[in-house]
Amino acid sequence: MPDTPEEREESLDVIQRELTAFARRARAAAARLHPELPLVSYTLLAHIEDRHGCRATDLAAHYMLDKSTVSRQIGALEKLGLVERHPDPDDHRIQVLHPTTAGTQALASTQASRRMAYQERLADWTEEDLARFADYLLRYNSAGDTVPPTQQTPRV
C-alpha cells in the first residue's frame with residue numbers, strides 16, 4: 001500500500017498505463033469480431049444481447065453516450081447484419097433492438113476467444129488472486145456510479 005503521496009502517484013501512473021493497454025487489447029478483440037466494428041459497437045451489441053433486446057435510448061443512458069453516437073453505431077450494426085429492430089409488443093411506436101442470428105454467433109465466437117485468451121493469460125494465477133482481481137475490477141467499475149453523470153467519463 002502506498003505510504004507517501006509520491007508512491008500513490010506512481011501507483012496511479014501504473015494503473016493508468018495498464019488500463020490503457022487493457023483498452024487497446026479490448027479494441028483489438030472488437031476488431032477480430034469484425035474489422036469494421038469499433039469497440040463501442042461491439043460493447044453495444046453485447047449489451048443488446050445481454051438484455052435480450054433494448055431501445056437505443058436505453059443504450060445511450062446506460063453508457064452515458066450522446067443519442068447521435070448511439071444512432072450511428074446502431075446504424076453500422078444494422079448495415080453489418082448484426083442488429084435488427086422490432087416493434088415493442090406493448091407500444092408499436094417504440095423500436096426494440098435485437099441481435100440477429102449472425103450477431104449472436106459473432107458475439108459467441110468472439111467471447112469464446114476472449115475467454116480463452118483470459119484463461120491463458122491468467123493460467124498461473126491462484127484462485128485467491130483471481131477472486132481478488134475480480135473484486136478489484138468490480139470495485140473500480142462501480143466507483144464511478146456515485147459520481148454525477150456530468151462529471152463521468154463514458155465507460156464502455
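In this predicted model, helix H3 meets helix H4 through a short list of residues: Ala 56, Thr 57, Leu 59 and Ala 60 on the H3 side, and Lys 67, Val 70 and Ile 74 on the H4 side. Sorted by class, that contact comes out as five nonpolar residues, one polar and one charged. As for geometry, the H3 and H4 axes come within 9 Å and cross at roughly 120°. An angle over 115 degrees but not over 145 falls outside both the perpendicular and the antiparallel ranges, so H3 counts as oblique to H4. The crossing of these two helices is right-handed.

Two residues from that contact, Leu 59 and Ile 74, turn up again in the largest nonpolar core, where they are listed with Ile 48 and Leu 77 as the residues with the most contacts inside it. The core has 21 residues in total. At least two of them come from each of H2 (39-50), H3 (56-63), H4 (67-79) and H5 (101-121). H2 puts in the largest share, with six residues. As a bit of background, nonpolar side chains in soluble globular proteins tend to be buried together.

Leu 77 is worth a look of its own. Setting aside neighbours within four places in sequence, Leu 77 is in contact with Leu 37, Ser 41, Leu 45, Leu 82 and Val 83. One of these, Leu 45, also belongs to the set of H2 residues that meet H5.

What does the pairing of H2 with H5 look like? On the H2 side sit Tyr 42, Leu 45, Ala 46 and Glu 49, and they meet Gly 103, Thr 104, Leu 107, Thr 110, Gln 111 and Arg 114 in H5. The class tally here is four nonpolar, four polar and two charged residues. The two helices pack at an angle of about 110°, and their axes are 11 Å apart. H2 and H5 are therefore roughly perpendicular to each other, since angles of 65 to 115 degrees fall in that category.

Arg 114, placed in helix H5, brings in a further part of the chain. Leaving out neighbours within four places in sequence, Arg 114 has Tyr 42 and Ala 29 as its contacts. Tyr 42 is one of the H2 residues already named at the meeting with H5. Arg 114 can also be set against Arg 25: the two are 89 residues apart in sequence, yet their C-alpha atoms are 9.9 Å apart in space.

Notes
Residues numbered from 1 in each chain as written. Predicted model: local features only at pLDDT ≥ 70, side-chain atom pairs only at ≥ 80, totals over all residues. Heavy atoms only, no water. Core = buried A, V, L, I, M, F, W, Y, C linked by side-chain atoms within 4.5 Å. Buried < 20%, exposed > 50% of the residue type's maximum accessible area, 1.4 Å probe, protein only. Helix = DSSP H or I, 4+ residues; strand = E, 2+ residues; numbered from the N terminus. Contact = heavy atoms within 4.5 Å. Axes fitted to C-alpha atoms, helices over the stretch in contact; angles between N-to-C directions. Parallel < 35°, antiparallel > 145°, perpendicular 65-115°, else oblique. Nonpolar A, V, L, I, M, F, W, Y, C, P; charged D, E, K, R; others polar. Left-handed = near helix turned anticlockwise from the far one by under 90°.
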